[in-house]
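Reader: Please choose one part of this model and take me through it slowly, covering how it is enclosed and what lies beside it. I would like each term explained where it is used.

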Amino acid sequence: MKLRIPGPTPCPPAVLEAMGREMIGHRDEAFLEMFHRVTQGLKEFFKTDGDVLILTCSGTGGMEAAVVSTLSPGDKVLAVSVGSFGDRFAQIARAYGADVRPLNFEWGEPAEPEEIAKALRADPDIKAVLVTHNETSTGLTNDLEAIGRTVREFDKLLIVDAISSIGAIPLPVDEWGCDVVVSGSQKSWMIPPGLAMVSMNQRAWQANAQAKMSRFYLDLGRHKTYGARGETPWTPAVSCFYALDVALGLMKQEGLENILARHQRVGERCREGIKSLGLTLLPKESHVSNTVTAVNVPEGIDAEDIRGRLLEDHDILVAEGQGKLQGRIFRIGHLGYVDVADIDDVITALADVLPKVGFKAAQTMAS
Ligand SMILES: *Cc1c(COP(=O)(O)O)cnc(C)c1O
């Protein structure tokens, strides 16, 4: 099956081979060496001199680790949301007793840095800002550089969900002033689900020293302590470490700049293809994502018909809309192990499928 969802993403053959290797002891020298190499590799792709902690959990676990390791119950938190993953971040903070102040934007619209500034000015007690870099539910990339500048001006802690961006869309962590940045293994890193990566800078560790939220498994402080000697506090997903080690090797060979350029190319190709079929995009044109394309389902057409046909006739899996966008959009994932030819394949398949599900504009506009 051709996986064109925004995670899990397809894995290169060398990564899949690595997943099948025999176990090693996670307190053994061989693991320590790999741990060190992988951590250094991630720091290069995060562009940070801070720490990158590797947790055995899904991306959401990384978001939860970021929250509980830097905040205390009752802390005022500005939760910026432009879609369902932004809402999830707010939910996590609320679940642990943060005083969450939501700042919601229309789904498909970007977070406006001026609105964030206004909210921070209006309430000086706000301690931290939660924001999604790339909102996977709407196919939109926020202007994190500008948001980072704003949050820095007000001297707040900036906690970023970059699960579907870092490693595919530019995000120089230190340069943009991001204190905590979360990623997940099954997105741009081209390996199976199982690991979350969280970067922490000096400011984040200062917050950690004061943070009183309940935590144990996801305690980043413990991960730092163990990380200093090349270990994780608990038994890690060893196979995923093998995979990440191989994947980072491939990524280094290609080079970050080339990887970012490839995702830009693939994103543009996808959007052009979608438009050539007479379809439209959900997100605001100025903030379209290069890792996931959210396509509006035309009036009178059933989104599940499109997805079902793509799967049945072309063996291509695309993602459905989430939350209030269910049935209104479908989403094409293009991050990680993907190139232009993979997207051309999806567009060709859509050109075949659309008339079959009753979308008439497809044939005339595509030809
Ligand atoms: C995939 C994703 C998540 C959730 O990751 P899980 O691994 O499913 O927990 C969170 N935020 C964004 C932006 C994502 O794309």
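Author: Two strands are said to pair if DSSP finds at least two bridges between them, and strands here are DSSP runs (E, at least two residues), numbered from the N terminus. This is a predicted model, in which local features need pLDDT of at least 70, side-chain atom pairs count only at pLDDT 80 or more, and totals for chains, interfaces and linings use all residues. Residues are numbered from 1 along each chain as its sequence is written, and side-chain values use heavy atoms, with hydrogens and water left out.

The part I have chosen is strand 5, residues 128-132, which is largely enclosed by the rest of the structure because five of its five residues are buried (under 20% relative accessible area, with a 1.4 Å probe and protein chains only). The cover extends to both faces of strand 5, since Ala128, Leu130 and Thr132 are buried on one side, while Val129 and Val131 are buried on the other.

Strand 5 also has strand partners: strand 3, residues 76-81, runs parallel to it and is joined to it by three bridges, with leucine 78 standing opposite valine 129 of strand 5. Strand 8, residues 157-161, likewise pairs with strand 5 in the parallel sense, over five bridges, and in strand 8 it is aspartate 161 that serves as the bridge partner of threonine 132. That same Asp161 leads on to the ligand, being one of the residues that come nearest among the 13 around the ligand (those with a heavy atom within 4 Å of it).

Methods: Buried < 20%, exposed > 50% of the residue type's maximum accessible area, 1.4 Å probe, protein only. Helix = DSSP H or I, 4+ residues; strand = E, 2+ residues; numbered from the N terminus.
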